[in-house]
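Here is a short note on the ligand site and the internal cavities. Please read the points with the structure open.

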Amino acid sequence: MSIRLAIIGCGGMGHRHLRGLARLQQAGWRDLELVAVCDQHRPHAESLAAEAAATLGRAPQIVADLADLPALGVVAVDITTTPPAHHTLACAAFALGLHVMVEKPMALTVRACQTMQRAAAAAGRVLSVAENYRRDPINRLARALLAAGVIGQPRFVIHHTVGGGDEMLISVWRHQKDQSGILLDVGVHYTDMLEYLLGPIERCYAQVRLHEPIRRNPAASGAAVAAGNDPAGVYGARQRQMPASFRATAEDALYATVCFADGTVGQLIEDHAGHGAPLWSRQIHGSRGSLDMPVDRTGVPLQLTIAGQPYTGSLLELVPEFQLDPVSAALFGGARLEHYQLDFAATDQRLLAVEYADFAAAISSGRAPEVDGAQGARAVAGVYALLESALLDRPVSIAEVLAGQVATYQQPLDASLAD
Ligand SMILES: NC(=O)c1ccc[n+]([C@@H]2O[C@H](COP(=O)([O-])OP(=O)(O)OC[C@H]3O[C@@H](n4cnc5c(N)ncnc54)[C@H](O)[C@@H]3O)[C@@H](O)[C@H]2O)c1
């Protein structure tokens, strides 16, 4: 029997999730049935319902209130709103006995994440976090290679990303501290990826900056939107309606040292205000070699170096047991992949399809989803450990942040949130 689903939040990511669901159904997985959509801005819900009618063959009902969902037979919701609403909507869904998948960041603050975890546990329902980067087949392979000890014992990781200048990143809210801020919005992918690859982060010390307090939106004056600033082509039309420039309140750069429980040390630079040469680097160095990782969702192969020499053999031969899950294998064209060649939208749909399949399997089987509330909260806590550390100008542990012992940065955010 199919799981009747509602998408709550019909903006950019709501439309991308719909395309992921359609991709999953085209590949033969029909466990989830979209029967309702909901958005506080009705035209967004109408747009999603119309696209669903065209791609899934049936228009979902537009609802204004979550309380209307059980009467439609809905048992699961997919929350793709902006972050401040995640925890209130999730808790309302749990109170109605619904299962929840929620976009990253799981919530705006660690305390809000923990409220969601408690509500899920009390309701006995699935709480899954839609973290997509780790599900990239290239990242799956990287993790398998590290676990097989191909580079020996990891010693340090370099994660550098620099670019963006003073342009708006996708939308105004991403630059507002009370809505998320870039460092939470993007950084939560990276804290999750770092833990996915190297295990728990223990503590960190960071400096953060707001380099570009005024952000420009070239789309407002009719300029073409760069593809990287309009992922999957779902934001461009709305960017033309956003202000041509605005004041940013959230920091846009961080420079940090990150210490992992196993002794690995990381250097994390995430600078969304770079005007110089764009930079991407995710390199993990170990006692035998290093692994150079491409930008997530590009399908570019990993580069392995052993004893100072580029490794030219097949990486898959080093991990004979490595297999992608059946849904990823069907969607990406094989259970054992070293690379893939798809455009961004096609890759995006496939990764979101894999998230949906994991959510459906967790509901049907009772097993935990891959990214559960605890891991979703750790990824958020990882970002706030960095922001709290910068504010206090001292190292901060994830444990302190999860225990609420360090929350100075988050206090005004918690005060602004509905319970
Ligand atoms: N995993 C990824 O790669 C990825 C990429 C982009 C966005 N996201 C995440 O997806 C979420 C949404 O981002 P987006 O880019 O779609 O933003 P968006 O602004 O395009 O869309 C958000 C939608 O939520 C609606 N909304 C806000 N509060 C609501 C509420 N209380 N009830 C009902 N609807 C409400 C808005 O009206 C809007 O339609 C964010 O958490 C973001 O971080 C993830």
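The points below take the ligand first and the cavities after it.

1. Status of the model. This is a predicted model, and the residue numbers run from 1 along each chain as its sequence is written.

2. Shell around the ligand. The ligand is surrounded by 27 residues. Met13, Asp39, His44, Asp185 and Tyr235 are the closest of these. Sorted by class, the shell holds 12 polar, eight charged and seven nonpolar residues. Helix 1, residues 12-26, supplies the largest share of the shell, with three residues.

3. Polar atoms at the ligand. Two backbone positions deserve a look. Gly11 has a backbone N or O atom 3.3 Å from an oxygen atom of the ligand, and Thr81 has a backbone N or O atom 3.4 Å from an oxygen atom of the ligand. His86 takes part through its side chain, where an N or O atom is 3.3 Å from an oxygen atom of the ligand. On its own the ligand has 850 Å² of accessible area, and the protein covers 90% of that.

4. Cavities overall. How many cavities of 30 Å³ or more does a search of the whole structure find? The search finds three. The largest cavity has a volume of about 60 Å³, and the second largest holds about 40 Å³ of space.

5. Largest cavity. Its lining consists of Lys177, Ser180, Gly181, Ile182, Leu183, Leu184, Ala250, Glu251, Tyr384, Leu387 and Tyr409. Two elements give two or more residues to this lining, namely helix 6 (182-185) and helix 11 (373-392). Helix 6 gives the most, three residues. The lining of the largest cavity divides by class into seven nonpolar, two polar and two charged residues.

6. Second largest cavity. The residues that line the second largest cavity are Lys104, Met106, Val129, Glu131, Val188, Asp192, Gln375, Gly376 and Ala379. Helix 7 (187-198) and helix 11 are the elements that give two or more residues here. Which element gives the most to the lining of the second largest cavity? Helix 11 does, with three residues. By class, this lining has four nonpolar, three charged and two polar residues.

7. Points to check on screen. Helix 11 is listed for the lining of the largest cavity and also for that of the second largest. For the ligand, the place to begin is the set of closest residues, including Asp39 and His44, followed by the side chain of His86.

Conventions:
Predicted model: local features only at pLDDT ≥ 70, side-chain atom pairs only at ≥ 80, totals over all residues. Heavy atoms only, no water. Near = heavy atom within 4 Å. Polar contact = N/O pair within 3.5 Å; in protein donor to acceptor, adjacent residues only side chain to side chain. Areas by Shrake-Rupley, 256 points an atom, 1.4 Å probe, with all protein chains shown as cover. Helix = DSSP H or I, 4+ residues; strand = E, 2+ residues; numbered from the N terminus. Nonpolar A, V, L, I, M, F, W, Y, C, P; charged D, E, K, R; others polar. 1 Å grid on protein atoms, 1.4 Å probe; cavity = no way out; pocket = protein on both sides within 12 Å on 5 of 7 lines; lining within 4 Å. Points joined across faces, edges and corners; volume = space filled by probe spheres on them.
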